[in-house]
Amino acid sequence: MIGQQKYVPILKGKSGEFSALEKLYGTIKDLIVPIIDMVPNPTKTFEKSITDFLGYITKKWVKDKLIYIDGYMIQDQGLMSSGIHPLQYVFEELSKKNYSAIPVISNITDPGYNDSRSEEHT
């Protein structure tokens, strides 16, 4: 849970936003818990958008700092070519690398989207 002392910015998961997060002083990073929206890039394949998003996190965010990931903008994109849900893929990869990430879910998003994260976080 986020304490009252934390600021929660909502950012689009694009290169520029991650670069800005990366440049914050450590003391500022201690005071924020960003919510990052996964945004498909129309100039790239869907899977490339997902792998780029994952790369931005692992290159520009700190492992021990909490981050929330919201995939509502990709919920209608379907599964990856491997048959895995993109959110499941992202969270499995982040878990392998010991990142502290929590999915953002809602009661108005697609049930398949919510189900893709519910098993691991129950």
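This short presentation describes the fold, the nonpolar core and two individual residues of one protein chain.

Good morning. Please keep in mind that the structure above is a predicted model. I shall begin with the chain as a whole.

The chain contains 5 helices and 4 strands. Followed along the sequence, these elements are arranged in the pattern β-α-α-β-α-β-α-β-α. There are 122 residues in the chain, and 39% of them count as buried. About 7100 Å² of surface is exposed, with carbon and sulfur atoms supplying 54% of that area. As for contacts, consider those with a sequence separation of 6 or more: 75% of them join residues 24 or more positions apart.

I turn now to the interior. In soluble globular proteins, nonpolar side chains tend to be buried together. In this model, the largest nonpolar core comprises 23 residues. Met38, Phe53, Ile57, Ile69, Val90 and Leu94 have the most contacts inside this core. Which elements give two or more residues to the core? They are helix H1, residues 15-23; helix H3, residues 46-60; strand E3, residues 67-70; and helix H4, residues 86-96. Helix H3 provides the largest share, with 6 residues.

Ile57 offers a useful view of this core. If we set aside its neighbours within four places in sequence, Ile57 is in contact with Phe18, Ile69, Leu94 and Tyr99. Of these partners, Ile69 and Leu94 are also listed among the core residues with the most contacts.

The next residue is Asp37, which belongs to strand E2, residues 35-37. Is Asp37 buried or exposed? Its relative accessibility is 4%, and the cut-off for burial is under 20%; Asp37 therefore counts as buried. What does its side chain meet there? The side chain of Asp37 forms a polar contact with the side chain of Lys12, at 3.1 Å. Excluding residues up to four places away in sequence, Asp37 touches Ile10, Leu11, Lys12, Gly13, Phe53, Asp70, Tyr72 and Met73. Lys12 thus appears both in this list and as the polar partner of the Asp37 side chain. Phe53, also touched by Asp37, is one of the core residues with the most contacts.

My final residue is Asn98, located in the loop between H4 and strand E4, residues 101-104. Its phi angle is near 65°, a positive value in a residue other than glycine. Asn98 has a relative accessible area of 58% and is therefore exposed, whereas Asp37 is buried.

That concludes the presentation. Thank you.

Notes. Residues numbered from 1 in each chain as written. Predicted model: local features only at pLDDT ≥ 70, side-chain atom pairs only at ≥ 80, totals over all residues. Heavy atoms only, no water. Core = buried A, V, L, I, M, F, W, Y, C linked by side-chain atoms within 4.5 Å. Buried < 20%, exposed > 50% of the residue type's maximum accessible area, 1.4 Å probe, protein only. Contact = heavy atoms within 4.5 Å. Areas by Shrake-Rupley, 256 points an atom, 1.4 Å probe, with all protein chains shown as cover. Polar contact = N/O pair within 3.5 Å; in protein donor to acceptor, adjacent residues only side chain to side chain.
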